[in-house]
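Q: Please take a close look at a single strand of this structure and describe its place in the sheet and its surroundings.

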Amino acid sequence: MAKARRQTREIRAPRRGAICGISLVELLVGVAIGLLIIAGGLVFMTGSWLEHRSLLLEGRLMQDLRTAADLIIRDVRRSGYWGASETGVWSPGTSAVASNPYDLFTATANSLAFRYSRDGVENDLVDTNEHFGLRLRSGVIELQLGRGNWQALTDGATVTVTALTVVPTTQWVSLEESCPVACPASASACPPRLAVRDVALEISGHAVADPQVLRTVRSAARLRNDLVVGACPA
């Protein structure tokens, strides 16, 4: 009987070296591996979110800059419009032609001034609503709609405009062949010339929420109202 009880105790007693659970070291290793996996997932999710946010900012920035450029070009094309433009065109028997009172077109580093007739009234120079222009001030492009009336064209809360460049170019086309009489050698205003004017526009800016999101848009247009300088001899 004593031998049987001893054998039973030996059977019930756990063997030395048998696995009974997880040790503290194994638990810490498992927790560390889990934390590494979670950290990797968080890094991936954060990167995806930042990339998505950057794409949204870039899209909005490009849309705002492109819209501003389109509005500016559309308005600049009207520069020089004159309701009585027929009086500025030479015809046989005409000794002199009238000058376009709306030929103002002045461009500086960050501003532009021009004029055109809104109501078609001839030589209506006193009309304060026919003064136009644009300028860059404090990161915002402002558009002039009448003398002294400046309005913001871009939203300073979302876009900071860093540069506004307007470069006008003029190509002169001689109209000497249209003169029935040859121009005198000493004449300075003969032969008449046609001024074909083009404008190149460049706007640069960055998003207010992320200054590292930078974009630049470029546009160009030809002014619809060409100027004629000089006249054929009578």
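**Strand 4 and its surroundings**

A: In this predicted model, glutamate 142 has alanine 152 of strand 5 as its bridge partner. That pair is a suitable point of entry to strand 4, which spans residues 140-145 and pairs with strand 5 in the antiparallel sense over three bridges. Further along, glutamine 144 stands opposite tryptophan 150, again in strand 5. The hairpin of strand 4 and strand 5 has four residues between the strands, and glycine 146 takes a positive phi near 105° there.

On the other side is strand 3, which is joined to strand 4 by six bridges and runs antiparallel to it. Here isoleucine 141 of strand 4 is the bridge partner of leucine 136. The hairpin of strand 3 and strand 4 has two residues between the strands; in this hairpin, serine 138 adopts a positive phi near 55°.

These pairings belong to an open sheet of five strands, in the order 1-2-3-4-5 and with antiparallel pairing. The edges are held by strand 1 (105-107) and strand 5 (150-152); each has a single partner strand, so one side of each is left without a neighbour in the sheet. Direction ignored, neighbouring strands of the sheet are turned by 15° against each other on average.

Burial adds to the picture of strand 4. Five of its six residues are buried, so the strand is largely enclosed by the rest of the structure. In soluble globular proteins, nonpolar side chains tend to be buried together. The largest nonpolar core of this model has 28 residues, and Ile141 is among those with the most contacts inside it, together with Val76, Phe114, Leu134, Leu201 and Ile203. Strand 4 is one of the elements that give two or more residues to this core; the others are helix 2 (24-76), strand 2 (111-115), strand 3 (131-137), strand 6 (159-174), strand 7 (193-207) and strand 8 (214-222). Helix 2 gives the most, with seven residues.

Isoleucine 203 offers a view of strand 4 from another part of the core. Leaving aside residues up to four places away in sequence, isoleucine 203 touches Ile141 as well as Leu65, Ala69, Ile72, Val161, Ala163, Leu164, Arg215, Thr216 and Val217. Ile141 thus appears in two settings: as the bridge partner of leucine 136, and among the core residues with the most contacts.

Note on methods:
Residues numbered from 1 in each chain as written. Predicted model: local features only at pLDDT ≥ 70, side-chain atom pairs only at ≥ 80, totals over all residues. Heavy atoms only, no water. Pairing = 2+ DSSP bridges. Axes fitted to C-alpha atoms, helices over the stretch in contact; angles between N-to-C directions. Core = buried A, V, L, I, M, F, W, Y, C linked by side-chain atoms within 4.5 Å. Buried < 20%, exposed > 50% of the residue type's maximum accessible area, 1.4 Å probe, protein only. Contact = heavy atoms within 4.5 Å.
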